[in-house]
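Trainee: I would like a close look at one part of this model. Please take the strand pairing and the charged contacts that go with it.

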Amino acid sequence: MPTTVTLERFIARVEENAHAEACEEFYTADSSMQENQSPPRVGRDAHVTNEHKIMARAKSVWSKCVRPVFVNGDRVVIRWIFHFDWADGTVTHMEELAYQRWEGERIAEETFFYDPAQRVPKKV
């Protein structure tokens, strides 16, 4: 179960748009991340690589935790809003719920729930 201090540090890192760094700092080495019902990505290194790829395509990113954060033992649910201004001039605005299972002070499993239609970049 994460301490409140750890959970707040994790949220702050994501809100700073340090997504890859948050993976390095707060996920177990063999953690899994799953987008809706897609097959999970397994391993912290895979998460870091994926975040670097996404951030490299973005001109700017805005990340916000919508409170409250729900904690029940080792389970945490966070509502996120992300806004991406892509290098190609399109934007993506999405909201998601992240359902996490923590092992002590690190995330071992995470599943993101969102409407996949939000991921389609829109012209502005």
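Mentor: Here is a walk through the strands, followed by the salt bridges.

This is a predicted model, so local features need pLDDT of at least 70, side-chain atom pairs count only at pLDDT 80 or more, and totals for chains, interfaces and linings use all residues. Residues are numbered from 1 along each chain as its sequence is written, and side-chain values use heavy atoms, with hydrogens and water left out.

Start with the terms. Strands (E, at least two residues) and helices (H or I, at least four) are DSSP runs, numbered from the N terminus. Two strands pair if DSSP finds at least two bridges between them.

Take β5, residues 90–103. Strand β4 (residues 75–86) pairs with β5 in the antiparallel sense, over 11 bridges. V76 has Q100 in β5 as its bridge partner. Three residues lie between the strands in the β4 and β5 hairpin, where G89 takes a positive phi near 90 degrees.

β5 also runs antiparallel to β6, joined by seven bridges. Q100 turns up again here, opposite E110 in β6. A98 has F112 in β6 as its bridge partner. The hairpin of β5 and β6 has two residues between the strands, and G104 takes a positive phi near 65 degrees there.

β5 has a further antiparallel partner: two bridges join it to β7 (residues 122–123). T90 is matched with K123 in β7.

Now β6, residues 106–113. It pairs with β1 (residues 27–35) in the parallel sense, over five bridges. Q34 has T111 in β6 as its bridge partner.

Next, the charges. A salt bridge is a side-chain nitrogen of Lys or Arg within 4 Å of a carboxyl oxygen of Asp or Glu. The structure holds 10 of them.

One salt bridge joins the side chains of R79 and E95 at 2.6 Å, N to O. It links distant parts of the chain: R79 is in β4 and E95 in β5, 16 residues apart. R79 is partly exposed at 35% relative accessibility. E95 is partly exposed too, at 32%. Partly exposed lies between buried (under 20% relative accessible area) and exposed (over 50%), with a 1.4 Å probe and protein chains only.

Another salt bridge brings R67 and E8 together at 2.8 Å, N to O. R67 sits in β3 (residues 58–72) and E8 in helix α1 (residues 4–15), 59 residues apart. R67 is partly exposed at 46%, and E8 is partly exposed at 35%.
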